[in-house]
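Trainee: Got a minute to walk me through this one? I'd like to take it piece by piece.

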Amino acid sequence: MHFTINGRSYEADIDVRTSLLDLCREHLELTGSKKGCDHGQCGACTMLVNGRRVNSCLTLAVMHQDDEIVTIEGLGQVGNLHPLQDAFVRHDGYQCGYCTPGQICSAVGMLDEVKKGWPSHVTGDLHDAELSDAEISERMSGNICRCAAYPNIVDAIREVAGMGDRDPVLKTAAEIGA
Amino acid sequence: MFEKLFAGGDTNSLTMDAPHPASLLDSGVQGVISRPIDRVEGPLKVSGTATYAAEYRLDDMVHGVLVGAKIGHGTVESIDCDAVKLMPGVIDVVIDFDTFIRNSQQGGETNAPTQGVKEVDYFGQIVAIVLADSFENARAAAQALPIHYTKKDGHYAFEEHRDEAEPCQDSQVQGYYKQGDVDKALAEAPVTLDVTYVTPSQNSAAMEPHASIAVWNDDALTLYGSYQMPTSDAEQLAKSLGVPKDKVRIISRYIGGGFGSKLGIAPESVAAAIASRRLGRPVKAVMARQQVFDATVRRSNTEQRVRFAAGTDGRLTAVAHNSLTSNLPEETYFEPVGICTHFLYSGENRSITHDQVTLNILLSGSMRAPGEAVGMVGLECAMDELAETLGMDPIELRKVNDPDRDPEQDVPFSSRQLSRSLEEGAKMFGWDQRNRTPGSRREGEWLIGIGVSSAARSNMLQQSSAKVEIHPDGSATVSSAMTDIGTGSYTIMAQIASEILGIPVERITMSLGDTNDPPAAGSGGSWGAASAGSAVYLACERLREKLAAAMDVDVDVLTLKDGMAIGDNRQKAISDLVGEGMQALGEIKPGKNEKLHRQASYGAHFAEVGVNAVTGEVRVRRMLGVFAAGRILNAKTARSQCLGGMTFGIGCALTEDLIHDQRTGKLVNRDLAEYHVPVNADVPQLDVHFLDERDIHANPIHAKGIGELGICGAAPAIVNAVYNACGVRVREMPITCDKLLAGLPPV
Amino acid sequence: MKTFQYARADSAETAVQEAIAQGAKFIAGGTNLLDLMKLQVETPEKLVDITRLPLGEIEQREDGGLTIGALVPNSDLAADRRVIDGYEVLSRALLAGASGQLRNKATTAGNLLQRTRCYYFYDTASPCNKREPGSGCGAIGGFNRILAVLGTSESCIASHPSDMAVAMRALDATIVTLKSDGDRRRIAIGDFYRLPGNTPHIETALEPGELITAIELPAPVEGAKHLYRKVRDRASYAFALVSVAGVVKMDGDTIASAALAFGGLGTMPWRDAGVEAALVGQPATTATFEAAADALLADARGYGSNDFKIPLARRTLIASLRDLTGR
């Protein structure tokens with residue numbers, strides 16, 4: 001079978017039962033995408049298939065022979081990081097790092113969805129989807145981070161989306177005279 | 001476990017028998033300690049090139065899939081291996097009833113866990129491993145493997161067996177503690193409270209499932225595993241397999257979260273090792289998520305009766321915290337529910353006890369902040385109830401009971417900023433906006449409330465060592481069998497070395513998670529940074545001495561910065577002082593000092609929640625944690641640790657609930673769709689504020705644990721906020737909407 | 001996962017021919033099917049890949065209605081302007097379900113065919129009449145917090161998990177199919193789902209090998225207000241405990257028309273003519289809303305841990321009706 005991943009061609013002789021995730025992890029030495037649950041319940045395996053984010057654990061590799069697949073390895077590399085990868089480092093948008101490739105691939109796909117005007121569950125007027133903290137959180141809820149870097153993940157995405165820093169929600173220590 | 005240390009003048013060993021007032025981290029001029037620098041391994045993680053346990057590629061590797069028992073209690077009579085050996089790709093089915101481990105081991109133990117799996121003590125207990133040429137073939141054969149059992153009645157329902165509870169024996173914490181006369185104090189006090197709180201079993205649910213790759217080289221085993229404490233884990237594994245401990249090497253460079261679940265070895269490690277030995281090939285065994293839930297470790301459910309006696313001024317005269325927990329037969333570990341009740345509040349009459357119910361439900365063990373994480377739900381919610389009974393502000397009640405010395409042992413606190421945390425937090429959070437009358441603030445459908453809780457977590461130091469080498473080019477390597485499970489060890493250990501040696505962080509190579517490196521405590525109990533960090537400190541202290549000697553200056557006048565050594569009006573490159581290289585080993589050991597002072601970290605949690613007046617859904621709107629934990633080694637990673645802990649608190653208060661079918665002992669919600677850990681939308685902007693502190697009694701770096709403090713008290717702050725929002729006092733966690741419905745206003 | 005034969009179909013006609021084989025199933029998004037196959041809850045002998053069929057378009061019909069291709073992904077359907085404008089309840093329901101990644105993969109027809117999340121259905125070591133007819137029901141007498149209180153039987157109390165299908169019921173969708181003999185048929189959604197009775201393994205009116213090719217929506221109700229309200233344990237990425245899909249049109253203070261469907265409550269996406277009868281022609285008052293809730297829940301039965309769904313449904317319905325009627 002033939003696959004196109006990160007712009008590169010791969011040939012692999014695999015079982016029909018092989019998921020897209022296991023194809024990458026077990027056969028192609030692309031272990032950046034992670035297996036957290038194998039049932040589409042955590043998002044650690046998120047890849048971009050024809051530009052759309054999907055759970056690679058819940059799809060068969062055999063069904064993706066004509067597709068353009070991008071994994072975390074294709075987004076950027078050490079020394080040549082994608083802006084989101086770089087923002088995750090600076091905002092500490094991770095801790096153990098296991099959900100991180102999925103978070104980043106998901107964020108890439110998500111920002112593209114926003115660009116297309118796709119609404120979300122928290123969008124008020126469905127015609128007018130505009131990014132906000134609540135929108136980012138809702139749209140990123142398919143990616144579980146048990147270390148719970150969520151606030152930092154939101155900050156990293158805010159930055160790349162050009163939303164600037166969040167307003168402080170609390171008084172600073174200086175303001176209270178501490 | 002520490003005999004690998006090398007002897008002689010290159011070792012700088014310190015036993016904490018006395019305070020250590022001076023710290024090279026205060027005199028260092030590199031200016032990197034405490035700074036919020038990015039994680040040194042960050043680029044590897046974000047690019048997908050950090051290597052986790054299951055991601056090593058070894059030639060000729062076999063895929064192993066574990067098979068769990070499908071009964072809750074009974075005996076495996078036979079396993080029909082032949083029935084699957086002819087399935088495509090199957091290489092073998094490995095059974096070893098005597099050697100397979102029944103359950104995971106607890107953290108830090110140096111013995112094998114309970115072994116033997118012919119007798120099944122809980123549903124999902126791992127009894128076999130199927131090996132095949134591909135994951136798909138191994139999984140199919142594992143699912144088809146016929147196992148014949150004789151079933152026995154089991155103890156599955158906590159409620160049914162709660163009266164059979166047995167007193168817990170002292171282990172790392174006391175099972176029973178009594179002081180004064182609690183009953184008398186309760187009878188005589190003008191104000192009393194007697195409430196029972198219940199918390200369910202929980203699962204750490206680290207994102208990376210437990211995974212091991214085992215490979216033997218003659219009689220020596222290398223295990224690539226996802227383990228928090230490789231030094232003791234290697235001993236556990238060696239004992240389980242009956243091989244000398246120097247024949248087992250564990251490599252855990254990157255660990256996809258642990259939260260206690262990977263403190264001790266889990267069943268996949270022994271199964272992979274046995275299978276690999278039998279086949280003479282490397283074996284990879286990764287637990288399915290359902291197996292992580294079924295057959296690793298849970299936090300015990302708890303039932304906590306809390307009683308207070310107080311004067312009308314709120315001063316406590318009696319504190320009783322009596323708990324029931326559960327575990328498997330013959331397991332002595334118990335969830336130390338009352339651990340912080342010993343020292344958090346004053347009160348001369350005290351009763352803090354633990355009793356355990358034996359159940360045929362998977363092992364209970366440590367999950368993030370064992371004891372405090374759930375014990376503070378009982379204690380701190382009861383404090384909220386007492387404050388209401390007294391008509392007193394909950395913060396004021398805590399402050400009047402903030403003792404000057406340990407209320408049980410006649411020792412001072414090493415450092416304690418509980419009241420200050422509450423005060424500063426109250427100002428920052430806007431505590432004065434809180435309505436004293438529950439249910440009196442409403443925005444549309446949402447009832448809004450604010451809650452508070454103290455935070456406290458015992459501080460521990462564990463024996464640890466680290467080697468630091470300065471290379472001829474002036475770069476350095478730090479190596480230790482310490483781990484980084486997302487905690488920031490890679491980064492803060494590099495920062496400590498950088499600060500003391502004056503070598504930029506970028507020039508320091510970190511090697512962690514390999515038992516071939518000097519033994520260390522690993523990650524658990526929030527002791528990692530202080531223990532392994534102190535070991536690095538001590539190694540660097542010795543290297544400073546050696547550099548001073550090489551430069552022929554007094555070490556006290558030596559300044560190290562940006563790769564240069566300066567002293568006596570002379571300046572030399574460090575690279576010019578180390579010759580062929582210079583190395584030292586640092587080793588820290590706990591000593592008398594931990595008995596001379598009560599050591600803990602403190603803080604305060606504030607939460608604002610909305611309770612939907614129609615449905616009872618609870619959403620956290622904002623949270624603040626104020627923490628004092630000694631020196632903060634990296635403001636960025638420390639904050640992240642606290643965010644993570646606070647979010648675990650959200651899960652504990654609102655969503656997490658491991659449910660076992662009371663008829664069969666089977667875990668009902670054994671996946672991430674139905675075991676609800678918080679998702680991004682459940683977590684609002686959280687704020688973390690650190691108070692400046694140094695703890696000279698704790699260790700030479702003056703830091704205390706931070707990894708768990710964030711969860712300690714987070715859940716009760718939310719529970720108390722829910723009460724303030726809607727006036728419904730829920731004493732059974734988690735607060736799902738069904739528990740609030742009856743008390744909500746009519747629609 | 002058991003092994004299977006894999007075939008990719010290039011037309012609907014060849015797909016249904018391929019699916020004649022014993023134990024064959026169609027696969028498109030696969031998000032539920034593969035989930036279940038990994039656990040051997042589903043064990044198809046053959047998978048017919050229909051993802052390349054030209055069934056991915058949404059078309060406006062002359063009668064003002066919409067025809068949605070079976071393969072339209074949930075995310076595309078939710079974001080379609082025609083859907084947002086005329087069938088907001090459908091967009092809202094879709095967006096309330098699953099995650100961004102799953103919605104990108106899951107298809108419209110597949111969503112209708114989602115199988116229950118019942119814990120005992122998912123666990124092959126438990127009895128389950130739906131998974132293994134005649135084996136018993138683990139959920140009755142067990143832990144059943146997420147399961148149904150309406151339409152249950154002694155054999156099965158499994159709830160239907162879909163959000164989208166609830167909106168489709170409120171919208172009176174019609175399911176268009178192609179049978180293996182080449183016949184096409186149109187099935188009203190009200191006739192599509194089956195109550196469990198003593199055959200809980202039969203969930204829909206589809207015959208073996210029958211392929212859903214499209215879902216038709218009638219022309220939108222002019223001037224109606226739409227709502228999809230979902231109650232769940234997490235703020236996102238969780239199945240409904242209770243959900244309400246509503247399309248209500250007012251005439252002054254009187255309810256002119258009402259279509260209401262419910263998720264989380266029933267063994268299938270639930271709609272009850274009695275609820276609507278209690279509303280239509282009535283003033284939008286609390287008494288009217290309570291009468292509607294009474295009609296909905298008259299036959300509701302709790303099984304222990306799901307008892308709370310009955311008062312929760314009542315409260316959620318009343319609040320939803322208040323929103324829908326502007327009261």
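Trainee: Let's begin with chain A. What domains does its domain assignment give?

Mentor: Keep in mind that this is a predicted model. The assignment splits chain A in two. The pieces are domain 1 (2-75) and domain 2 (83-160).

Trainee: And what distance separates the centres of domain 1 and domain 2 of chain A?

Mentor: The centres are taken over C-alpha atoms. The two domains of chain A do touch, with 16 residues from domain 1 and 15 residues from domain 2 in the contact. Centre to centre, the separation is 21 Å.

Trainee: Which element gives the most to the side of domain 1 of chain A that touches domain 2?

Mentor: Elements giving two or more residues to that side are β3 (46-49), β4 (52-55) and α2 (72-75) of chain A. By class, the residues of that side of domain 1 are 7 nonpolar, 6 polar and 3 charged. With 3 residues, the top contributor is β3(A).

Trainee: Moving on to where chain B meets chain A: which element of chain B provides the largest share of its side?

Mentor: The contact involves 55 residues from chain B and 56 residues from chain A. On the chain B side, elements with two or more residues include α4 (135-144), α12 (418-429) and α16 (635-655). That side has 26 nonpolar, 15 polar and 14 charged residues. The largest share, 7 residues, belongs to α16(B).

Trainee: What about the largest nonpolar core, which helix supplies the largest share of it?

Mentor: In soluble globular proteins, nonpolar side chains tend to be buried together. Here the largest nonpolar core has 412 residues, and Val130(B), Ala497(B), Val536(B), Ile718(B) and Val722(B) have the most contacts inside it. The largest share, 12 residues, comes from residues 528-551 of chain B, which is helix α14.

Trainee: Which residues does Val130(B) touch, not counting those up to four places away in sequence?

Mentor: Val130(B) is among the residues with the most contacts inside that core. Leaving out its sequence neighbours up to four places away, its partners are Gly64(B), Val65(B), Val67(B), Val84(B), Val90(B), Val93(B), Ala138(B), Ala141(B), Ala142(B) and Leu145(B).

Trainee: Last one, over in chain C: which residue of β3(C) is the bridge partner of Ala24(C)?

Mentor: Chain C has an open sheet of 3 strands, ordered β1-β3-β2 with parallel pairing. Its edge strands are β1 (5-8) and β2 (24-27), and the twist averages 25 degrees from one strand to the next. β2(C) is joined to β3 (residues 46-49) by 4 bridges. For Ala24(C), the partner in β3(C) is Lys46(C).

Key: Residues are numbered from 1 along each chain as its sequence is written. Chains are lettered from A and ligands numbered from 1 in the order in which they are written. This is a predicted model: local features need pLDDT of at least 70, side-chain atom pairs count only at pLDDT 80 or more; totals for chains, interfaces and linings use all residues. A nonpolar core is a set of buried Ala, Val, Leu, Ile, Met, Phe, Trp, Tyr and Cys residues joined through C-beta atoms within 7 Å. A residue is buried if 20 or more other C-beta atoms lie within 10 Å of its own, exposed if 12 or fewer, and partly exposed in between; C-beta atoms are placed from the backbone. Two residues are in contact if their C-beta atoms, placed from the backbone, lie within 7 Å. Two strands pair if DSSP finds at least two bridges between them. Axes are lines fitted to C-alpha atoms, for helices over the stretch in contact, and angles run from 0 to 180 degrees between N-to-C directions. Ala, Val, Leu, Ile, Met, Phe, Trp, Tyr, Cys and Pro count as nonpolar, Asp, Glu, Lys and Arg as charged, and the others, Gly among them, as polar. Domain bounds come from an automatic or database domain assignment.
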